[in-house]
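Trainee: I should like to learn how to read a structure of this kind, feature by feature. May we have the model before us and begin?

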Amino acid sequence: MRKNIVAGNWKMNTTVEEGIELADQINSRLEGKEKNCEVVICVPFTHLTSVNAVIDKDLMGLGAENCSEHEKGAYTGEVSAAMVKSTGASHVILGHSERRQYFGETNEQLLAKTQKALEHGLTPIFCVGEVLEERENGTFNDVVASQVEALFSLSPEAFSKIVIAYEPVWAIGTGKTATADQAEDMHAHIRKVIEDKYGKEIADNTSILYGGSCKPSNAKELFAKPDVDGGLIGGAALDADSFMGIIEAFD
Ligand code: PGA
């Protein structure tokens, strides 16, 4: 059966020192606590090694927020999947809308990044989601389906290792959350798209997270939906209490 997951996406926030402190706070709040989901924190590249040293990997996973589609070599400023893995990380966010929008990441590139991540034993948290215009003009289901289909040259075995995060771009950092019904409709749609390609077993076992202004006050309603298997959390992951509040939404 698929896992429930709450993953934090710190984006470009915190110095290394602040990041260590935040990770340490989350770690101590998780100690001795019963929880009904997996927890992952995805942090800037610069923080991975130091954060890895202060967290208990039995309590939470550690992820990067991106990785290169290339194996290694003359790509100044890039960070490879092998490098991410060597820090102790287990996960990597790929295809976040901010990467697609501000850094021009294409479906083709994202497939290559996903392949690299999988080759190096990282679990990709692969983000999809429509922009406001696509929500309003009714093309959102097709847009999101085509983002998921960008991965459909992967083998069933490879695809089954991926976590999907549905993040409507209009809900990210805006305080405007998708309603639980909007999220459920899209998650069920994504699961159907996966089922049509890879079959029911893989579709049923794929964790599909919701992201976009998820907070303690709305997490419970979102996570109660049958196809919503957790959240990818931006702003609310930067505060240990609110991040814990979201984890506790799975009770
Ligand atoms: P948000 O970001 O929770 O701040 O809306 C979510 C994300 O971008 O992953």
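Trainee: How many nonpolar, polar and charged residues does the shell around the ligand have?

Mentor: Ala, Val, Leu, Ile, Met, Phe, Trp, Tyr, Cys and Pro count as nonpolar, Asp, Glu, Lys and Arg as charged, and the others, Gly among them, as polar. By that scheme the shell has four nonpolar, seven polar and two charged residues. Please note that this is a predicted model, in which local features need pLDDT of at least 70 and side-chain atom pairs count only at pLDDT 80 or more, while totals for chains, interfaces and linings use all residues. Residues are numbered from 1 along each chain as its sequence is written, and side-chain values use heavy atoms, with hydrogens and water left out.

Trainee: Which residues around the ligand come nearest?

Mentor: A residue is near a molecule if one of its heavy atoms lies within 4 Å of it. Of the 13 residues around the ligand, the nearest are Lys11, His96, Glu167, Gly173 and Ser213.

Trainee: Which polar contacts does the ligand make, and how is such a contact defined?

Mentor: A polar contact is a pair of N or O atoms within 3.5 Å; within protein, one must be able to donate a hydrogen and the other to accept it, and residues adjacent in sequence count only if both atoms are side-chain atoms. Here a polar side-chain atom of Lys11 lies 2.7 Å from an oxygen atom of the ligand, and one of Glu167 lies 2.6 Å from a ligand oxygen. Gly235 contributes a polar backbone atom, 2.8 Å from an oxygen atom of the ligand. The protein covers 95% of the 280 Å² of accessible area that the ligand has on its own (Shrake-Rupley method, 1.4 Å probe).

Trainee: What should I make of the sign of phi?

Mentor: Most residues other than glycine have a negative phi. Ser213 is not a glycine, yet its phi is positive, about 55°. Ser213 lies in the loop between strand 7 (208–211) and helix 11 (216–223); helices (H or I, at least four residues) and strands (E, at least two) are DSSP runs, numbered from the N terminus. Thr14, also not a glycine, has a positive phi of about 75° and sits in the loop between strand 1 (5–9) and helix 1 (16–30).

Trainee: Is Ser213 buried or exposed?

Mentor: Buried means under 20% relative accessible area, exposed over 50%, and partly exposed in between (1.4 Å probe, protein chains only). Ser213 is buried, because its relative accessible area is 15%. Thr14, at 26%, is therefore partly exposed.

Trainee: What span should helix 5 have?

Mentor: The expected span of a helix is 1.5 Å times one less than its number of residues. Helix 5 (residues 107–119) has 13 residues and should therefore span 18 Å; its end C-alpha atoms are 18 Å apart, which agrees. For the 19 residues of helix 9, 27 Å is expected and the end C-alpha atoms are 26 Å apart, which agrees. Glycines with positive phi come after these helices: Gly121, near 80°, follows helix 5, and Gly199, about 95°, stands just after helix 9.

Trainee: Which residues of helix 5 are buried, and what covers them?

Mentor: Residues three or four places apart in an α-helix point the same way. In helix 5 the buried residues are Leu110, Leu111, Lys113, Thr114, Lys116, Ala117 and Leu118. Their cover includes helix 3 (81–86), strand 4 (91–94) and strand 5 (123–128).

Technical notes: Contact means heavy atoms within 4.5 Å.
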